[in-house]
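Okay, thanks for coming, everyone. I have one structure to walk through today, so let me put it up and we can go from there.

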Amino acid sequence: MTGMPCDGLINSSRYDTNVQEMIYAHTSTHRYYRDNSSRETGSHIRKEFSRRLHEPMYLFLAMLSTIDLVLSSVTMPKMASLFLTGIQEIEFNICLTQIFLIHALSAMESAVLLAMVFDRFVAICYLLRHASVLTGTTVAKIGLASLARGFVFFFPLPFLLKRLSYCQKHTVTHSFCLHQDIMKQSCTDTKVNVVYGLFIILSVMGVDSLFVGFTYILIRRAVLELSTRGAALKAFNTCISHLCAVLVFYVPLIGLSVVHRLGGPTSLVHVVMANIYLLLPPVVNPTVYGAKTKEIRSRVIHMFSQDGR
């Protein structure tokens with residue numbers, strides 16, 4: 001009678017050990033699949049983010065950011081040396097190069113803003129055709145066309161300025177070289193420069209701004225025709241960031257062109273408008289797009305969280 005409990009206890013211990021091994025195996029298998037599933041989910045999310053960031057809107061945004069970065073790199077070193085060290089001299093050929101780059105890059109930015117509003121128009125009005133209309137090849141062609149247009153239209157500017165004769169006083173009133181400012185230093189007739197400058201402003205930035213405004217009228221009409229108020233607000237909310245970028249770019253540009261076309265000596269208003277036109281878009285654009293775009297905001301937060309580990 002005494003042997004039975006011992007044998008029963010031994011068998012029970014063996015049973016518990018088997019159960020524990022089975023539970024451990026099941027737990028290990030569950031942990032393996034859970035970890036593997038987490039890795040797969042994270043990989044899928046990263047791939048989804050990567051795929052979304054290769055959509056036309058983000059490709060155009062990358063072009064816009066690159067233009068703003070190059071434009072800041074062209075002007076900021078000289079502006080920084082002017083304000084920090086007081087060095088006010090700049091070599092004439094370097095000044096002409098800066099003029100060409102500033103105006104050409106501005107034309108490229110105007111073309112990219114026009115392409116971005118066209119992307120919004122297709123996405124809102126013809127959503128099912130968006131992927132077939134704005135392919136990667138089409139986006140690349142638009143980028144090359146904006147680059148070529150900026151180069152072709154503004155390449156003659158330095159040569160038109162170089163042919164002029166200048167007075168003894170060579171004082172640039174802005175913190176960077178501008179076509180209108182250099183032109184005022186000439187002692188000879190500048191009618192060709194005035195006419196060509198007005199022509200390229202109207203035919204490049206002027207035409208782009210008209211098309212942007214007309215496209216927004218079409219977008220507004222399409223949004224108002226949506227069935228529910230929530231859908232209309234959601235559709236128009238996708239344009240808020242671009243609308244801010246358009247206003248930040250075109251309003252200072254138009255203001256600067258107007259104050260220079262009115263004539264008279266360069267005043268503080270000219271200088272302030274020129275600095276706003278040059279410095280505001282590179283600051284506002286990444287801030288607005290980073291705050292309003294979920295994918296960009298999530299990627300930035302993810303990058304900073306990884307750096308903090």
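**A buried aspartate and its partner**

Let's start inside, with Asp208: this residue is buried, with a relative accessible area of 3%. Before I go on, please keep in mind that what you see is a predicted model.

So what does Asp208 meet in a salt bridge? The partner is the side chain of Arg149, and the N to O distance is 2.6 Å. Arg149 belongs to helix H5, while Asp208 sits in helix H8, residues 191-224, so this pair ties together parts that are 59 residues apart in sequence. As a general reminder, side chains of opposite charge can pair when their charged atoms come close.

How many salt bridges does the structure hold? The count is 2. The other pair to show you is Asp119 with Arg120, where the closest N and O atoms are 3.0 Å apart. Are these two buried or exposed? Asp119 has 1% relative accessibility, so Asp119 counts as buried. Arg120 comes out at 12%, and since the cut-off for buried is under 20%, Arg120 counts as buried too.

Let me zoom out for a moment. The chain has 12 helices and 0 strands, so if you read the elements from the N terminus on, you just keep saying alpha: α-α-α-α-α-α-α-α-α-α-α-α. There are 309 residues in the chain, and 35% of them count as buried.

Staying with H8 a little longer, have a look at Gly206, which lies in that helix. Gly206 has 18% relative accessibility, and that counts as buried. Where does Gly206 sit relative to Ser110? In sequence they are 96 residues apart, but in space the C-alpha to C-alpha distance is 9.5 Å.

Next up, a helix pair. H10 covers residues 240-261 and H11 covers residues 268-292, and they pack at an angle of about 175° with their axes 9 Å apart. That angle makes H10 roughly antiparallel to H11. What is the contact made of? The residues there divide into 19 nonpolar, 6 polar and 1 charged.

Two residues in H10 are worth a stop. Ala245 is in H10, and Ala245 is buried, with a relative accessible area of 3%. Leu64 is 181 residues away from Ala245 along the chain, yet their C-alpha atoms are separated by 9.9 Å. Then there's Leu243, also placed in helix H10. At 27% relative accessibility, Leu243 counts as partly exposed. For Leu243, the residue to look at is Tyr216: they are 27 residues apart along the chain, with 9.0 Å between the C-alpha atoms.

Last stop, the outside. Which residues make the nonpolar surface patch? They are Phe151, Val152, Phe155 and Phe159, and the patch is about 410 Å². Val152 brings us back to helix H5, residues 136-154. Is Val152 buried or exposed? Its relative accessible area is 55%, and the line for exposed is over 50%, so Val152 is exposed. That gives H5 two roles in this talk: the helix holds Arg149, which pairs with Asp208, and the helix holds Val152, which is part of the patch.

That's my tour. Happy to rotate the view if anyone wants another look.

Methods. Residues are numbered from 1 along each chain as its sequence is written. This is a predicted model: local features need pLDDT of at least 70, side-chain atom pairs count only at pLDDT 80 or more; totals for chains, interfaces and linings use all residues. Side-chain values use heavy atoms; hydrogens and water are left out. Patches are made of residues with over 30% relative accessible area and no salt bridge: like charges are joined within 9 Å, nonpolar side chains (Val, Leu, Ile, Met, Phe, Trp, Tyr) within 5 Å. Accessible areas come from the Shrake-Rupley method with a 1.4 Å probe; for residues, only the protein chains shown count as cover. A salt bridge is a side-chain nitrogen of Lys or Arg within 4 Å of a carboxyl oxygen of Asp or Glu. Helices (H or I, at least four residues) and strands (E, at least two) are DSSP runs, numbered from the N terminus. Buried means under 20% relative accessible area, exposed over 50%, partly exposed in between (1.4 Å probe, protein chains only). Axes are lines fitted to C-alpha atoms, for helices over the stretch in contact, and angles run from 0 to 180 degrees between N-to-C directions. Angles under 35 degrees count as roughly parallel, over 145 as roughly antiparallel, 65 to 115 as roughly perpendicular and the rest as oblique. Ala, Val, Leu, Ile, Met, Phe, Trp, Tyr, Cys and Pro count as nonpolar, Asp, Glu, Lys and Arg as charged, and the others, Gly among them, as polar.
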